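Trainee: I have just opened this model and would like a close look at its interior. Could you start there and then follow the contacts outward for me?

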Amino acid sequence: MANDASAAFDTLSPAVSKGSLADPFTPPADSSLWRKNFLLGAATASYQIEGAVDEDGRLPSIWDTFSATPGKVLAGDTGAVACDHYHRWEADIDMLASLGLEGYRLSIAWPRVMDAAGRPNRKGLDFYKRLLNRLKEKGITSFVTLYHWDLPQHLEDRGGWLNRDTAYRFADYTDLMSRELAGTVDAWATLNEPWCSAYLGYGNGHHAPGLANDRFATQAMHHLLLAHGLAIPVLRGNDPASQKGIVANIGRGTANSDSAADQRAAHLFEVQHNAWILDPLLKGEYPLDLFELWPGTEPLVLDGDMQTIAAPLDFLGINYYFRMNVASDGAHGFRDVPLEGVERTQMGWEVYPDGLRDLLTGFKKTYRNLPPIYITENGMASDDKVIDGHVDDAQRISFLKRHLAAVDQAIKAGVDVRGYFLWSLMDNFEWAFGYERRFGVVHVDYSTQKRTVKRSAELVAKFLKERKARV
């Protein structure tokens with residue numbers, strides 16, 4: 001398999017490999033991306049790529065249950081096979097290395113490494129040990145996310161993130177993983193996008209476990225953040241040499257008009273999408289404006305919780321995809337007002353690179369203790385097809401170049417951004433959208449599991465090779 005993956009990289013588009021094509025990706029000479037210490041990598045998540053959901057002692061997760069429920073996922077797709085990464089991981093890591101990518105962000109499947117009594121599952125642990133050791137052999141920096149949404153179903157059966165006890169079970173899981181994997185992980189992220197887990201999972205039901213209640217969302221968020229806060233000192237004790245952080249998705253909200261009501265609506269959008277997570281982490285308090293949006297939904301907070309949540313971070317992971325243009329809903333909040341004539345992705349999301357720059361520079365002003373930042377996800381979905389052995393994903397190339405330029409602008413404005421991870425390394429199970437939406441820089445034929453490197457990945461590889469040659 002490793003030879004096949006390497007061969008996939010070796011068959012670059014002729015114009016790219018010969019250098020005769022003007023490179024639409026390479027940043028200008030004064031870009032911060034040329035710094036040798038600016039990490040450029042790619043990201044994945046366990047349920048989206050691994051498959052093998054019934055193998056080697058893995059327990060069911062909430063996404064196994066949710067995706068098997070009729071009507072929850074587009075076309076009835078599930079992650080049962082996904083990209084079959086559990087069996088093809090060696091070839092996938094070889095492919096990652098062949099592209100010259102310097103970092104890999106992956107997540108651990110909680111249901112794969114522990115049984116329902118909290119005892120270690122050695123086969124699951126060995127899978128991640130082999131994978132992380134292979135990354136070290138390749139010289140690839142590892143960013144490991146402990147929770148990327150695949151909660152063990154047995155914990156959901158006891159209330160999931162609505163149950164405070166789940167935060168303590170997460171600390172136990174963190175303790176096991178950081179003891180077993182100490183020395184093999186460069187950076188730990190406790191949670192991926194708690195906004196999605198809390199709001200999409202418990203607030204509107206779009207994601208697993210599929211509950212829909214605003215009060216559920218705020219309580220689930222509190223327990224997620226508490227889990228994060230409990231995990232940080234565990235990580236520091238068990239694996240002191242690694243970095244410790246969390247990953248938050250952020251959204252840019254802009255007002256549909258200059259009216260005070262619409263301006264307020266845009267502010268509330270960003271409170272809900274950004275401050276709801278960042279204020280507890282960096283200020284030790286929830287934004288009061290949040291409960292203007294959702295009156296009467298304040299979570300139950302016990303003494304000491306906010307201090308636990310606000311544990312100092314070594315880094316903050318930021319995931320950014322789009323902005324939303326909003327207007328007042330005439331009541332407590334905002335409503336989406338889609339703009340016409342703007343560029344959109346296969347997801348229907350507006351392409352708005354300036355939003356990433358604006359949010360980063362805004363965070364620097366708002367949070368005096370803002371830690372170093374890694375862009376842990378940024379990318380787009382497009383309806384990519386393999387034609388004559390190649391995938392020409394021109395929109396993605398343009399998207400990546402413009403968003404990396406926005407990151408460069410933020411760095412030049414004084415924001416400490418230290419790296420950027422493409423989402424995603426390869427096409428995969430896109431949650432409620434199944435396999436229709438393709439975010440990868442590597443195309444996956446789900447019927448054969450053949451990987452085909454897209455032109456975007458070719459050009460990123462070309463840039464990294466040029467950068468390496470300069471230093």
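Which residues of the largest nonpolar core touch the most other members?

Mentor: Happy to help, and please keep in mind throughout that this is a predicted model. The residues you are asking for are Trp63, Tyr104, Trp161, Phe170, Met177 and Trp276, in a core that holds 132 residues. Helix H11 gives the most to this core, with 11 residues. There is also a second, separate core of 15 residues, and its members include Ala187, Val247, Phe315 and Phe439.

Let's start with Trp63 and see what surrounds it. If we set aside the residues within four places of Trp63 in sequence, its contacts are Tyr47, Val73, Trp149, His207, Ala208, Phe429, Trp431 and Ala432. Two of those names are worth holding on to: Ala208 and Trp149.

Ala208 leads us to a feature of the backbone. The peptide bond that runs from Ala208 to Pro209 is cis, and its omega is near 5 degrees. You will find Pro209 in the loop between H10 and helix H11, which spans 214–238. H11 is the helix we met a moment ago as the one that gives the most residues to the largest core.

Trp161, another of the core residues listed above, takes us to Thr166. Trp161 is among the contacts of Thr166, together with Trp110, Leu151 and Gly160, once neighbours within four places in sequence are left out. Thr166 itself belongs to helix H9, residues 165–180. Its relative accessible area is 2%, under the 20% cut-off, so Thr166 is buried. The side chain of Thr166 also reaches the backbone oxygen of Gly160, at 2.5 Å.

Now back to Trp149, which will carry us to a site taken from a record. An unreviewed UniProt entry has the annotation "active site", and it covers Glu193 and Glu377. The two are spread over 185 residues of sequence, yet they cluster in space, with a largest C-alpha distance of 10.4 Å. Both Glu193 and Glu377 are included in the lining of the largest pocket.

Let's take them one at a time. Glu193 sits in the loop between strand S4 (187–192) and helix H10 (194–203). With a relative accessible area of 6%, Glu193 is buried. Apart from neighbours within four places in sequence, Glu193 is in contact with Trp149, Val247, Asn249, Asn319, Tyr321 and Glu377. So that you can join up the picture, notice that Trp149 is also in contact with Trp63, while Val247 is a member of the second core.

Glu377 has its place in strand S8, residues 373–378. At 3% relative accessibility, Glu377 counts as buried too. Its contacts beyond four places in sequence are Arg105, His148, Asn192, Glu193, Ile318, Asn319, Tyr320, Tyr321, Phe421 and Trp423. Asn319 and Tyr321 appear in the contacts of Glu193 and in those of Glu377.

Trp423, one of the contacts of Glu377, brings us to a second backbone feature. The peptide bond from Trp423 to Ser424 is cis, with omega near 5 degrees. Ser424 lies in the loop between strand S9 (417–423) and strand S10 (442–445).

While we are on the backbone, two further residues deserve a look. Ala82 is not a glycine, but its phi is positive, near 50 degrees. Ala82 is in the loop between helix H4 (62–67) and helix H5 (85–98), and it counts as buried at 3% relative accessibility. Asp388 is not a glycine either, and it has a positive phi of about 50 degrees. Asp388 is placed in the loop between S8 and helix H16 (394–412). Here the surroundings contrast: Asp388 counts as exposed, at 73% relative accessibility, whereas Ala82 is buried.

Finally, a word on the cysteines. The structure holds 0 disulfides. Cys83 is in none, and the nearest cysteine sulfur, that of Cys196, is 19 Å away. That distance is too far for a bond, which is why the sulfur of Cys196 does not pair with that of Cys83. Both are buried, Cys83 with a relative accessible area of 0% and Cys196 with 7%.

Conventions. Residues are numbered from 1 along each chain as its sequence is written. This is a predicted model: local features need pLDDT of at least 70, side-chain atom pairs count only at pLDDT 80 or more; totals for chains, interfaces and linings use all residues. Side-chain values use heavy atoms; hydrogens and water are left out. UniProt positions are given in the numbering used here, feature names are shortened, and annotations may be inferred rather than shown by experiment. On a 1 Å grid over the protein atoms alone, a cavity is a set of points where a 1.4 Å probe fits but cannot get out, and a pocket is an open set with protein on both sides within 12 Å along at least five of seven lines; lining residues have an atom within 4 Å of a point. Helices (H or I, at least four residues) and strands (E, at least two) are DSSP runs, numbered from the N terminus. Buried means under 20% relative accessible area, exposed over 50%, partly exposed in between (1.4 Å probe, protein chains only). Contact means heavy atoms within 4.5 Å. A polar contact is a pair of N or O atoms within 3.5 Å; within protein, one must be able to donate a hydrogen and the other to accept it, and residues adjacent in sequence count only if both atoms are side-chain atoms. A nonpolar core is a set of buried Ala, Val, Leu, Ile, Met, Phe, Trp, Tyr and Cys residues joined through side-chain atoms within 4.5 Å. A disulfide is a pair of cysteine sulfur atoms within 2.5 Å.
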